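I am opening a fresh notebook page for a structure I have not looked at before. Come along while I look things up one at a time.

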Amino acid sequence: MDTPQKPVGMRLDERAVRVLAHPLRSRILGALRLHGPATATQLAAALSTNTGATSYHLRALEDVGLVADTGEGAGKRRIWRASTDYHSWSNSDFADDEDAQTALGWLRRDYVRQYAHRTEEWLDAEATWPAEWVDQLGFGDTLVTVTAGQLAEFQAELEALTEKYRRAGEGDPRARRVQIVVQSTPVDFDPPVQP
């Protein structure tokens, strides 16, 4: 039995944020992560664009390490894959770089749009799924009252729990990949008083 590979992550730098903050590039990376390796032609068809644009943007993503050529294609039929399972950043990493802040602002809003679209697709499809799945999938919210440090602890525990289950069902035909989206926003948008 194969040992599951450890997930590969990437911390985005200023250059990667700027490259990824593009509507087609963001969608290309998302499609490769969700659906696996594909050619530029397959991606163009799936994303309703043309192969030339897809090829151009794949190379830009490759330049910053977000996608890679699998080496399995031939000639112009290169097969591309996401080179990472996830990426992360800290907003404060870009505090002194206005261009990166602008790019990151666009990228974060784009992710919200993509998450909302996937959620709407699920709502359209859920009636065809077994009740045991429908009862577990979906969304909800809860409120916690925490300090910034306590929120960091919560997020670290949630990340550890995610790692525990990231590939728990691999090899089981009953298992399905599930996208977990975490969002934390304050209820009151007035910033806290600093001591």
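Below are my entries, going from the whole chain down to single residues.

**Entry 1: the whole chain.** I note at the start that this is a predicted model. I looked up the secondary structure and found 7 helices and 5 strands. Reading along the sequence, I wrote the pattern down as β-α-α-β-α-α-β-β-β-α-α-α. For the overall dimensions, I took the box along the principal axes, and the C-alpha atoms fill roughly 60 × 50 × 35 Å. I also asked what share of the 195 residues is buried. The figure is 25%.

**Entry 2: the annotated stretch.** Next I checked the UniProt record, an unreviewed entry, which carries the annotation "domain: HTH arsR-type" for residues 15–109. Over those residues I find 54% helix and 13% strand. The C-alpha atoms at the two ends of this stretch lie 18 Å apart.

**Entry 3: helix 2.** I then turned to helix 2, which has 13 residues and runs over 23–35. From its first C-alpha to its last it reaches 18 Å, close to the 18 Å expected at 1.5 Å a residue. Which of its residues are buried? My list reads Leu24, Arg25, Ser26, Ile28, Leu29, Ala31, Leu32 and Arg33. Just past the end of helix 2 I stopped at Gly36, where phi is positive, at about 90°.

**Entry 4: the sheet.** Here I followed an open sheet of 3 strands, and its order is 2-4-3 with antiparallel pairing. Which strands sit at the edges? They are strand 2 (38–39) and strand 3 (67–69), each pairing on one side only. I looked at one pairing in detail: strand 3 meets strand 4 (residues 79–82) in the antiparallel sense, over 3 bridges. As an example of a bridge, I traced Ala68 to its partner in strand 4, Arg81.

**Entry 5: a patch on the surface.** My last stop was a nonpolar surface patch of about 290 Å². The residues that make the patch are Val178, Ile180 and Val182. I picked Ile180 to place along the chain, and found it in the segment after helix 7 (148–165). Is Ile180 buried or exposed? Its relative accessible area is 64%, so I count Ile180 as exposed, since the cut-off for that word is over 50%.

**Page summary.** To remind myself where to look again: the antiparallel sheet with order 2-4-3, helix 2 with its buried residues, including Leu24 and Ile28, and the nonpolar patch around Ile180.

Note on methods: Residues numbered from 1 in each chain as written. Predicted model: local features only at pLDDT ≥ 70, side-chain atom pairs only at ≥ 80, totals over all residues. Heavy atoms only, no water. UniProt positions renumbered as here; feature names shortened; annotations may be inferred. Helix = DSSP H or I, 4+ residues; strand = E, 2+ residues; numbered from the N terminus. Patch = residues over 30% accessible without salt bridge, like charges linked within 9 Å, V, L, I, M, F, W, Y side chains within 5 Å. Areas by Shrake-Rupley, 256 points an atom, 1.4 Å probe, with all protein chains shown as cover. Salt bridge = Lys/Arg side-chain N within 4 Å of Asp/Glu carboxyl O. Buried < 20%, exposed > 50% of the residue type's maximum accessible area, 1.4 Å probe, protein only. Pairing = 2+ DSSP bridges. Expected span 1.5 Å × (residues − 1).
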